[in-house]
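Student: I would like to learn how to read a model of this kind, feature by feature. Where should a reader begin?

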Amino acid sequence: MDSRDLKKRISSGEEIPASGDKLPPPPVRAGEAPKYEFSGEKLQIEAENMYYDGFQLVGDAVASKSYALKLLNDSSWAIAEVNFPAGSYEAVANVLAPSANHTRFNLYVNRDSYLLYGSEPPIGKYELTTRSPASFTLDVPTTVTVKIQKNDIKNAANNGHDGMTIDYISFKKIK
Ligand SMILES: [Ca+2]
């Protein structure tokens with residue numbers, strides 16, 4: 001499906017055969033990094049609400065909030081800012097890999113990269129990347145830039161792939 005077809009499908013409100021649900025209107029595209037406060041135990045950031053370029057917006061009735069972002073190439077990026085209290089955290093993403101060759105991407109927490117991936121081979125539906133949680137500790141309250149991108153710029157062995165659809169990132173306080 002090219003992006004014009006997607007737009008047509010969204011604007012026509014066509015029903016999705018899988019569930020019969022109509023998609024709500026697509027989210028307004030962010031013009032700058034959205035800012036979040038982490039409080040309590042958990043924070044979920046929808047990929048489609050991040051400030052992004054080089055991703056295709058995907059409408060999917062089974063995705064959280066009915067939309068997700070598909071990573072297209074090396075220059076794809078999506079960012080958000082989060083104020084975290086001091087503590088230890090774990091991040092996972094909800095993802096859909098189209099094939100065994102399209103299963104990985106990097107999540108940056110400020111300057112640190114974490115390679116996220118789900119089941120290998122992929123299970124063919126959305127799943128959490130619980131096999132590769134990104135764990136980090138902040139000694140003091142910290143404003144973090146969270147960034148989704150394909151590659152690890154410091155370590156080519158941890159580069160990702162094109163094609164992963166990313167639904168949301170979920171942060172959990174573990175300590
Ligand atoms: Ca989503």
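Tutor: We go through confidence, layout, core, strand pairing and a few loop residues in turn.

Student: What is the mean pLDDT of the chain, and which residues stay under 50?

Tutor: Start with confidence, since this is a predicted model. The mean pLDDT of the chain is 90, and 88% of its residues reach 70 or more. Residues 10-20 are the stretch to treat separately: pLDDT stays under 50 there, and the model has 14 contacts for them beyond four places in sequence.

Student: How many helices and strands does the chain have?

Tutor: The chain has one helix and 13 strands. Along the sequence the helix comes before the strands, in the pattern α-β-β-β-β-β-β-β-β-β-β-β-β-β. Sequence order is one view, and contacts give another. Among contacts between residues at least 6 apart in sequence, 67% join residues at least 24 apart.

Student: How should I read burial, and which residues touch the most other members of the largest nonpolar core?

Tutor: The general idea is that nonpolar side chains tend to be buried together in soluble globular proteins. Here, 32% of the 175 residues count as buried. The largest nonpolar core holds 38 residues, and those touching the most other members are Ala 47, Leu 69, Ala 93, Leu 107, Ile 166 and Ile 169. Elements giving two or more residues to this core include strand 5 (67-71), strand 8 (104-109) and strand 13 (165-173). Strand 7 gives the largest share, six residues.

Student: Which residues does Ile 169 touch?

Tutor: Setting aside residues up to four places away in sequence, Ile 169 touches Ile 45, Ala 47, Ala 91, Ala 93, Leu 107 and Val 146.

Student: Why is strand 5 described as largely enclosed?

Tutor: Count its buried residues. Four of the five residues of strand 5 are buried, so the rest of the structure largely encloses this strand. Its pairing can be read next. Strand 4 pairs with strand 5 in the antiparallel sense over five bridges, and Gln 56 has Lys 70 in strand 5 as its bridge partner. Strand 5 also pairs with strand 13, again antiparallel, over two bridges. Leu 69 stands opposite Ile 166 in strand 13, and both of these residues are among the core members that touch the most others.

Student: What are the pairings of strand 12 with strand 6 and strand 8?

Tutor: Strand 12 pairs with strand 6 in the antiparallel sense over eight bridges. Within that pairing, Trp 77 has Gln 149 in strand 12 as its bridge partner. Strand 8 and strand 12 also run antiparallel, joined by four bridges. The bridge partner of Val 109 in strand 12 is Val 146, a residue that Ile 169 touches as well.

Student: Turning to loops, is Ser 75 buried or exposed?

Tutor: Count the C-beta atoms around the residue; 12 or fewer within 10 Å means exposed. Ser 75 has 10 other C-beta atoms within 10 Å, so this residue is exposed. Ser 75 is found in the loop between strand 5 and strand 6. Ser 75 and Lys 150 are 75 residues apart in sequence, yet 7.7 Å apart in space from C-alpha to C-alpha.

Student: Where does Pro 133 lie, and which residues is Pro 133 in contact with?

Tutor: Pro 133 is in the loop between strand 10 (127-128) and strand 11 (134-138). Pro 133 counts as partly exposed because there are 18 C-beta neighbours inside 10 Å. Leaving aside neighbours within four places in sequence, Pro 133 is in contact with Glu 90, Ala 91 and Val 92. Pro 133 and Phe 171 are 38 residues apart in sequence and 9.8 Å apart in space, C-alpha to C-alpha.

Student: Which backbone angles should I look at in the loops?

Tutor: Look at omega and phi. The peptide bond from Glu 120 to Pro 121 is cis, with omega near 0 degrees, and Pro 121 sits in the loop between strand 9 and strand 10. For phi, look in the loop between strand 4 and strand 5, where Lys 65 lies. Lys 65 is not a glycine but has a positive phi of about 60 degrees. Ser 66, in the loop between strand 4 and strand 5, also has a positive phi, near 70 degrees.

Student: How do Lys 65 and Ser 66 read on burial?

Tutor: Lys 65 is partly exposed, with 16 other C-beta atoms within 10 Å. Ser 66 has 22 other C-beta atoms within 10 Å, so Ser 66 is buried.

Key
Residues numbered from 1 in each chain as written. Predicted model: local features only at pLDDT ≥ 70, side-chain atom pairs only at ≥ 80, totals over all residues. Buried ≥ 20, exposed ≤ 12 C-beta atoms within 10 Å, placed from the backbone. Contact = placed C-beta atoms within 7 Å. Core = buried A, V, L, I, M, F, W, Y, C linked by C-beta atoms within 7 Å. Pairing = 2+ DSSP bridges. pLDDT = per-residue confidence, 0-100.
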